[in-house]
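Here is a friendly walk through one protein model, best read with the 3D view open beside you. Let us start at a single residue and work outwards.

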Amino acid sequence: MTAQAQGRRVAPLMWRVARLVERRIETPTAQTLVLDVPGWPGHLPGQHVDLRLTAEDGYQAARSYSLAGPADGERIEVTVQRVNDGEVSPYLTDTYAEGDPLEVRGPVGGWFVWRTDGTAPVLLVGGGSGVVPLMAMIRARRAAGSRTPFRLVYSVRTPDDVIYADELRRRARDDQGLDVAYVYTRSAPEGWRGEPHRIGLADVNSHGWPPDLEPLCYVCGPTGFVETVADLLVGLGHPTRRVRTERFGPTG
Ligand SMILES: Cc1cc2nc3c(=O)[nH]c(=O)nc-3n(C[C@H](O)[C@H](O)[C@H](O)COP(=O)(O)OP(=O)(O)OC[C@H]3O[C@@H](n4cnc5c(N)ncnc54)[C@H](O)[C@@H]3O)c2cc1C
């Protein structure tokens, strides 16, 4: 594995031209783009890339997107949640087509990563598209045959908004040591216990790990969500150095 893939930045990152090879519809508003990136150096689960678009008149726009899967040669996957009044995400979900130029820079980030030789229990807490880098960790765990205990707490508005719904269902059933719990904020499926609500202490307490097991906690989503959950975890006694966060605020 390269130094860069281990999370250490060794040289200024370069832009590489990528090609779309597959598009998967995840929800009515989220899509996974599989990109072929010649020269891709590899990455760790949790890292992200910058994607850059250039218009005919030379105008450029760049945004960050988490890598959705573990390293896979020169293939990378990102999952884009469409922001209705956004500049880049609607282009990526609605217009970007095979053959169109798209530049990729990365991998970026060396702290919000999980290494497959890690043995400490892991708590993943995702809000909305914040599940994307957490899914990369779940997929990497599976690919490495790791038995490290994982718990995912995934907060979404409605059941229709669950990204990777089928795969998560399958993995929760088949991957030993992986637990998946949902928190619905607007409407819940039949049979779900409780009323829709924003994630709170009871959710983090009952679906997380006690601090004395020294888990590593990864929290990702919109800024407000991340701050709420990180505060709850620290309040429960998790040391701040074991609570790693990634905020999906607007880029720039
Ligand atoms: C490290 C990192 C990783 C990220 N990973 C992902 C990912 O895996 N998948 C993904 O879909 N997005 C991800 N994002 C968010 C992404 O970079 C863009 O911010 C998002 O796609 C919106 O870009 P846009 O050009 O469509 O909207 P913009 O034109 O930038 O913004 C349009 C409007 O939407 C608001 N807005 C911008 N971003 C968001 C947002 N994330 N949520 C709600 N409102 C927003 C703005 O304030 C503005 O009002 C990540 C961000 C960071 C910093």
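W15 is part of strand β1, which spans residues 15-27. This is a predicted model, so every value below is computed from its coordinates. Is W15 buried, partly exposed or exposed? Its relative accessibility is 22%, and because buried means under 20%, W15 counts as partly exposed.

Beyond its neighbours within four places in sequence, W15 is in contact with D50, L51 and R52, with A62, and with E103, V104 and R105. R157 is another matter: 142 residues separate W15 from R157 along the chain, and their C-alpha atoms are 35 Å apart.

W15 also falls within an annotated stretch, residues 13-114, which an unreviewed UniProt entry labels "domain: FAD-binding FR-type". In the model, 47% of this span is strand and 7% is helix. The C-alpha atoms at its two ends lie 21 Å apart.

**The parallel sheet**

Further along the chain, five strands make up an open sheet with parallel pairing, in the order β9-β8-β7-β10-β11. Which strands sit at the edges? They are β9 and β11 (243-247), each of which pairs on one side only. From one strand to the next, the twist averages 15°.

Take the pairing of β10 with β11 as a close-up. Strand β10 covers residues 216-221, runs parallel to β11 and is joined to it by five bridges. Within this pairing, Y218 has R244 of β11 as its bridge partner.

**A helix across the sheet**

Helix α3 (residues 165-174) lies across β8 and β9, and runs at about 140° to β9. Its buried residues are E167, L168 and R171. Why do these three share one side of α3? Around the axis they cover an arc of only 100°, which puts them on the same side. The general rule behind this is that an α-helix has 3.6 residues a turn, so residues three or four places apart point the same way.

The cover over the buried residues of α3 includes α2 (131-144), β8 (150-156) and β9 (178-184). On the face turned away from that buried side, you will find the exposed residues D166, R169 and R173.

**Aromatic pairs**

How many aromatic pairs does a search of the whole structure find? There are six, and two of them are set out here.

| Pair | Geometry | Centre to centre | Angle between planes |
|---|---|---|---|
| F112 and Y218 | edge-to-face | 5.4 Å | 85° |
| Y184 and W192 | edge-to-face | 5.1 Å | 90° |

Y218, met above as the partner of R244, is buried, and so is F112. F112 lies in the loop between β6 (102-108) and β7 (122-127), while Y218 is in strand β10, so their pair ties together parts that are 106 residues apart in sequence.

For the other pair, burial is mixed. Y184 has a relative accessible area of 6% and is therefore buried. W192, at 22%, is partly exposed, as its value is not under the 20% that buried requires. Y184 and W192 also belong to one aromatic cluster, together with Y154 and Y182.

How values were computed. Residues numbered from 1 in each chain as written. Predicted model: local features only at pLDDT ≥ 70, side-chain atom pairs only at ≥ 80, totals over all residues. Heavy atoms only, no water. Buried < 20%, exposed > 50% of the residue type's maximum accessible area, 1.4 Å probe, protein only. Helix = DSSP H or I, 4+ residues; strand = E, 2+ residues; numbered from the N terminus. Arc of directions from axis to C-beta. Contact = heavy atoms within 4.5 Å. UniProt positions renumbered as here; feature names shortened; annotations may be inferred. Pairing = 2+ DSSP bridges. Axes fitted to C-alpha atoms, helices over the stretch in contact; angles between N-to-C directions. Phe/Tyr/Trp six-rings, centres within 6.5 Å; stacked < 30°, edge-to-face > 60°.
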